[in-house]
Amino acid sequence: MAEDTSKSKAAPEWYRAGLPHIWLPYAQMKTAPAPLPVVRTAGSRIVLADGRELIDGIASWWTACHGYNHPHIRAAVARQMADMPHVMFGGLVHEQALTLARRLAAMLPGDLTRVFFSDSGSVSVEVAMKMAVQYWLNRGVRAKTTFVAFKGGYHGDTTGTMAVCDPDEGMHALFAGLLPQHIIADLPDTEEHAAALDALLARAHGTIAGILVEPLVQGAGGMKFHDAGTLRRLRALADKYELLLIFDEIFTGFGRTGAMFACEAAGVTPDIVTLSKALTGGTLPLAATIATSTVFDAFWSDDPQKALMHGPTFMANALACAAANASLDLFEREPRLDQVARIAAALEEGLAPAREFLRVKDVRVKGAIGVVELDRIDDVSALRAHFVGEGVFVRPFGNIVYLAPAFTIAQDELNTLTSAVLKVVRSL
């Protein structure tokens, strides 16, 4: 790992001693810049070991929707820790999980009423795929084992989810020989693409278990937006060919696009939805796969072979469920969606000048997501370091610079973020 020796001598002992033993995500360890040692967070601020404060522009991979260290979530987790940090969910249940399941079912549209908990977004998608295939198996249909997913899509890094990510633009081409083969199509965002998908499904629907999509925003695939009409076309096609429709709302859920859930904004109810990231307000790992009663009924049987045989060890962890319930309290008590609307307006205004920059291909905003798309980024590590030099934490990837801040971010902090984006992008 590349090391900044001018700063490493001042780094804390835990950093110097531990860094040689860690394996970082999405990083070539031989050449990656040394990570920044963090000692504290508060609101939208990250405090480094050397005393510098950075304004976080991406809410820790879009999770800390209420900002860091919200006292209501912290108190709820502390109370739960005193009573019971965890019990296995096999044969046992607890109040936090059952309360959370009931609340999520009440918030989601339509008949999404059965909640299966896990502890990461990738796993929640794997569970959704497993549910969809077994739904058909339990109904005596053995050929439906593949999925339709979309170019520009990203659904996780586990083996099953890698197979439904974009194979060309994604990160997983190296594993092509290992992965199951699914159908990766163009989103039906135009009449031409819709007709092509219709024709594809007409030919292959007998082998397809379901359609998997990130609604309204394809996140890690490049922050690409599509409209509600695209999702309505998918719902119509899923109904026409009797396929299950799965919405991956790991990024878009809990207010990020301007509504509590993207499916709600689009007026489309999927058969299965996956949630994670902001579910606990960015505090503890938790995910959920939520199915309609129609899907669940295919598993309701006297036959034990028709049960969903899946069960993460820390499924429905009581501390994480307590954090999630506290996070939902905040959505009920505090004006989060109004704050998202304020952020959207500020991003529109603050990033607009970038449209005139030579290297900029597009500037787009949806809810609390602001994107500046460039023709290319030659050295993403140098660009990230440039942002740190401006006192902000922003992680460009691919050919985009984006902001997805906490919904509670102060106006001056948001102005600092947009100003930093303009300054850094202009310097290119």
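Contact here means heavy atoms within 4.5 Å. The structure is a predicted model, in which local features need pLDDT of at least 70, side-chain atom pairs count only at pLDDT 80 or more, and totals for chains, interfaces and linings use all residues. Residues are numbered from 1 along each chain as its sequence is written, and side-chain values use heavy atoms, with hydrogens and water left out.

**Exercise 1.** Determine which residues Q339 touches, and whether Q339 is buried or exposed.

Solution. Start with the location: Q339 belongs to helix α13 (residues 336-351), where helices (H or I, at least four residues) and strands (E, at least two) are DSSP runs numbered from the N terminus. Next, setting aside residues up to four places away in sequence, the contacts of Q339 are F407 and T408. Finally, with buried meaning under 20% relative accessible area, exposed over 50% and partly exposed in between (1.4 Å probe, protein chains only), Q339 is buried because its relative accessible area is 18%.

**Exercise 2.** Locate the annotated "binding site" positions and describe the surroundings of W61 and R395.

Solution. An unreviewed UniProt entry places the feature "binding site" at W61, Y154, K277, G311 and R395; such positions are given in the numbering used here, with feature names shortened, and annotations may be inferred rather than shown by experiment. These positions cover 335 residues of sequence and are also spread in space, up to 33.8 Å between C-alpha atoms.

Take W61 next, which lies in helix α3 (residues 59-62) and counts as partly exposed because its relative accessibility is 36%. Beyond four places in sequence, W61 touches P25, Y26, K277 and Y402, and K277 is itself one of the annotated positions.

Then turn to R395, in the loop between β15 (392-393) and β16 (400-403), which at 22% relative accessibility is partly exposed as well. Leaving aside neighbours within four places in sequence, R395 is in contact with I58, R384 and Y402, so that Y402 appears in the contact lists of both W61 and R395.

**Exercise 3.** Work out which way the side chains of β16 point and how β16 is joined to β14.

Solution. In a regular strand the side chains alternate between the two faces of the sheet. In β16, I400 and Y402 point one way, while V401 and L403 point the other way, and all are buried. As for pairing, which requires that DSSP find at least two bridges between two strands, four bridges join β16 to strand β14 (residues 369-374), and the two run antiparallel. Within this pairing, E373 of β14 stands opposite I400.

**Exercise 4.** Explain why C65 forms no disulfide with its closest cysteine.

Solution. A disulfide is counted when a pair of cysteine sulfur atoms lies within 2.5 Å, and a search of the whole structure finds zero of them. The closest cysteine sulfur to that of C65 is in C321, and because the separation is 16 Å, the two are too far apart for a bond. C263 is likewise in no disulfide, its nearest cysteine sulfur being that of C65, 17 Å away. As to accessibility, C65 is buried at 0%, and C263 is also buried, with a relative accessible area of 1%.

**Exercise 5.** Identify which residues of helix α5 are buried and which elements cover them.

Solution. Helix α5 (residues 95-107) has 13 residues, of which Q96, A97, L100, A101, R103, L104 and A105 are buried. The cover over these buried residues includes α4 (71-83), β4 (112-118), β11 (272-275), β12 (287-292) and α12 (318-333).

Conventions. Expected span 1.5 Å × (residues − 1).
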